[in-house]
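Biologist: Hello! Please walk me through this one at an easy pace, and show me how each label is earned.

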Amino acid sequence: LDLDLTTEPLGTGSDGAPVYLKDIWPSPAEIQEVIAGAVDSEMFKKSYAGVYSGDENWNAIEVPEGQLYQWDEKSTYVKHPPYFAGMTMKPEPIADVRGARVLALLGDSVTTDHISPAGSIARSSPAAQYLVSLGVQPADFNSYGARRGNHEVMMRGTFANIRLRNQLAPGTEGGVTIHVPSGEQMSIYDAAMRYQQEGTPLIVIAGKEYGTGSSRDWAAKGTMLLGVKAVIAESFERIHRSNLVGMGVLPLQFKEGQDAHSLGLTGKESYEIIGLNGGAAKMVTVVATPASGVPIKFEVRVRIDTPKEREYFQHGGILHYVLRQLAAANKAA
């Protein structure tokens, strides 16, 4: 159909004159007149009168009593997250990072979907192995997005995008890295857990536009839960940078003209981040010490961009900040 409805007629009337769309299109007054004659408030009152009653299936659900949510240990969709484990009313002082290792050495334009995929769960992934261990069949894996209420799945899915290329493990694609002290190749999740057992803090090094894409909260949550203390990048996407701060992960930016390659970083060094000054520093010093050779020292910019973000970071993240504020207000009342 090749017809311009704004200038060409739809047809011809009984009087032989052309009829255009504007001739038969109802006016706002005519539309309102029809609505008034066909819709009234009683229709809505009747439809919504039992909206909170539910059907027999809804009413058959067992609901625990009390003010606190009763976590179901058998659930594979919703788990009690460890965000507040070991939390105290007074924040721990922000200390310099010592003896850190690189979990991932990444290139440019790493998106939040690279960091925390929302799609299907690969059968060979750590998340799949976890679900199988709980008796979940592959046909019922669902997706990372559907299981976002289970931190055990989402942690295992962090940096598990099948297209992620970690330069620490050249020739691989997916969530693969090297456990630097041993030289063993393994999944990023397994390496992170091994580093946690060894008491080793972690960092991620990346290129330009780190965290671009959707403002996916789990890209920051998963990073924190893996034990990453800082991300050093050439530049950050605005929202993901803020989300990292909100989860207590320090975003650091290379000086203009510098990057991992120009500084000669391989990702196999041991790292120190010095001069945080309780989270108030604008610039800090990074010292990368290789197994043999001269340490590489360079300055990076602290990308905590507002006073409120600095306050969040000093509390260990926005969740701790808000909970402490609520607890203090409740105590005062």
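Modeller: Happy to. Let us begin with Gly 135, which takes a positive phi of about 90 degrees just after H6. Helices here are DSSP runs of H or I with at least four residues, strands are runs of E with at least two, and both are numbered from the N terminus. This is a predicted model, where local features need pLDDT of at least 70 and side-chain atom pairs count only at pLDDT 80 or more, while totals for chains, interfaces and linings use all residues. Residues are numbered from 1 along each chain as its sequence is written, and side-chain values use heavy atoms, leaving out hydrogens and water.

Biologist: Which residues of H6 are buried?

Modeller: They are Pro 126, Ala 127, Ala 128, Tyr 130 and Leu 131. Buried means under 20% relative accessible area, exposed means over 50%, and partly exposed lies in between, with a 1.4 Å probe and protein chains only. The buried residues of H6 pack against H7, strand S5 (184-187) and H8.

Biologist: Why is Phe 159 called buried or exposed?

Modeller: Phe 159 has 0% relative accessibility, so the label is buried. This residue sits in the loop between H7 and strand S4 (176-179). Phe 159 also has a positive phi of about 60 degrees, although it is not a glycine.

Biologist: And Ser 109: what is its label, and why?

Modeller: Its relative accessible area is 33%, so Ser 109 counts as partly exposed. Ser 109 is another residue other than glycine with a positive phi, near 55 degrees. You will find Ser 109 in the loop between S3 and helix H5 (112-115).

Biologist: What makes a group of residues a nonpolar core?

Modeller: The members are buried Ala, Val, Leu, Ile, Met, Phe, Trp, Tyr and Cys residues, joined through side-chain atoms within 4.5 Å. The largest such core here has 44 residues, and Leu 106, Phe 159 and Tyr 210 touch the most other members. Among the elements that supply at least two residues each are strand S3 (97-105), helix H6 (126-133), helix H8 (188-197) and strand S6 (202-205). H8 gives the largest share, 6 residues. A second, separate core of 29 residues includes Leu 250, Ile 273, Ala 281 and Ala 288.

Biologist: Which residues is Tyr 210 in contact with, leaving aside its neighbours within four places in sequence?

Modeller: Contact means heavy atoms within 4.5 Å. Including Leu 106, Phe 159, Val 231, Glu 237 and His 240, the list of contacts of Tyr 210 reaches to Leu 244.

Biologist: How do you know that S10 and S11 pair?

Modeller: Two strands pair if DSSP finds at least two bridges between them. Strand S10 (residues 283-289) and S11 have 6 bridges, in the antiparallel sense, so by that definition they pair. In S11, Glu 299 is the bridge partner of Thr 285, and Val 300 is that of Val 284. S10 and S11 form a hairpin with 6 residues between them, and Gly 293 in the turn has a positive phi of about 120 degrees.

Biologist: How many bridges join S8 and S11?

Modeller: Strand S8 (residues 250-254) and strand S11 (residues 296-302) have 3 bridges, again antiparallel. There, Phe 254 stands opposite Val 300. These strands belong to a closed barrel of 7 strands, running S3-S6-S7-S8-S11-S10-S9 with mixed pairing.

Biologist: Why is the pair of Tyr 69 and Trp 71 called stacked, tilted or edge-to-face?

Modeller: Rings of Phe, Tyr and Trp (its six-membered ring) pair if their centres lie within 6.5 Å; planes under 30 degrees apart count as stacked, over 60 as edge-to-face and the rest as tilted. A search of the whole structure finds 4 aromatic pairs. For Tyr 69 and Trp 71 the centres are 4.8 Å apart and the planes are at 75 degrees, so the pair is edge-to-face. Tyr 69 has a relative accessible area of 53%, so it is exposed, while Trp 71, at 36%, counts as partly exposed.

Biologist: What about Tyr 312 and Tyr 321?

Modeller: Their ring centres are 5.1 Å apart and their planes are at 65 degrees, so this pair is edge-to-face. Both Tyr 312 and Tyr 321 are buried.
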